[in-house]
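Biologist: Could you take a close look at one part for me, the salt bridges? I'd like the partners and their surroundings in one go.

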Amino acid sequence: MSSRGFTDKSLLLESAFGGWALDRRAFAEPGVEANYGPEPSVDICGYALQLWIDPVARTLRGEAHIAVRWLAGAGGELVLDFDELVADSVESPEGVPLAFRAADGKLFIAHADAVVVRWHGVPRRGLYFVGA
């Protein structure tokens, strides 16, 4: 992925890049103060994203393959920002369904070293492109 990329606060990219845009400049939506904090229990080792954008319908859907390294003493759930999105499925890379729940703009996923998340949504604040 080049340093010129697509991002939307609603997407998992916020978690993937620790709150930084792909070109390492802080990103905040117009009129919204950026407030990002690291996830202390995990190290996200890698993301592979596929996005399908329908500009006419103003919708998007996506699939994220996420590799996770749990830090010492960590346990519990993987927590991702998930504003305005609907999780369609969460499973292992082998296709085994994983337990998950969505609440308060977050997606909580059962402890796993790798997950595949499929989602869809209508971002009411729009889509933003960053970089020149």
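Modeller: Let's fix a term to begin with: buried means under 20% relative accessible area, exposed over 50%, and partly exposed in between (1.4 Å probe, protein chains only). This is a predicted model, where local features need pLDDT of at least 70, side-chain atom pairs count only at pLDDT 80 or more, and totals for chains, interfaces and linings use all residues. Residues are numbered from 1 along each chain as its sequence is written, and side-chain values use heavy atoms, with hydrogens and water left out.

Okay, salt bridges (a side-chain nitrogen of Lys or Arg within 4 Å of a carboxyl oxygen of Asp or Glu): the whole structure has 5. Take R69 and D43, whose side chains meet at 3.1 Å, N to O. R69 sits in strand β3 and D43 in strand β2 (residues 42-54), so this pair ties together parts 26 residues apart in sequence. Strands here are DSSP runs (E, at least two residues), numbered from the N terminus. R69 is partly exposed at 44%, and D43 is partly exposed too, at 30%.

Next up, R118 bridges to E63, with the closest N and O atoms 2.8 Å apart. R118 belongs to strand β8 and E63 to strand β3, so parts 55 residues apart in sequence get tied together. Here R118 is partly exposed at 25%, whereas E63 is buried at 13%. Those two also join E91 in a network of salt bridges.

Then there's E77 with R101, closest N and O atoms 3.1 Å apart. E77 is in the loop between β3 and β4, and R101 is in strand β6 (residues 100-103), 24 residues away. Both are partly exposed: E77 at 32% and R101 at 41%.

Methods. Helices (H or I, at least four residues) and strands (E, at least two) are DSSP runs, numbered from the N terminus.
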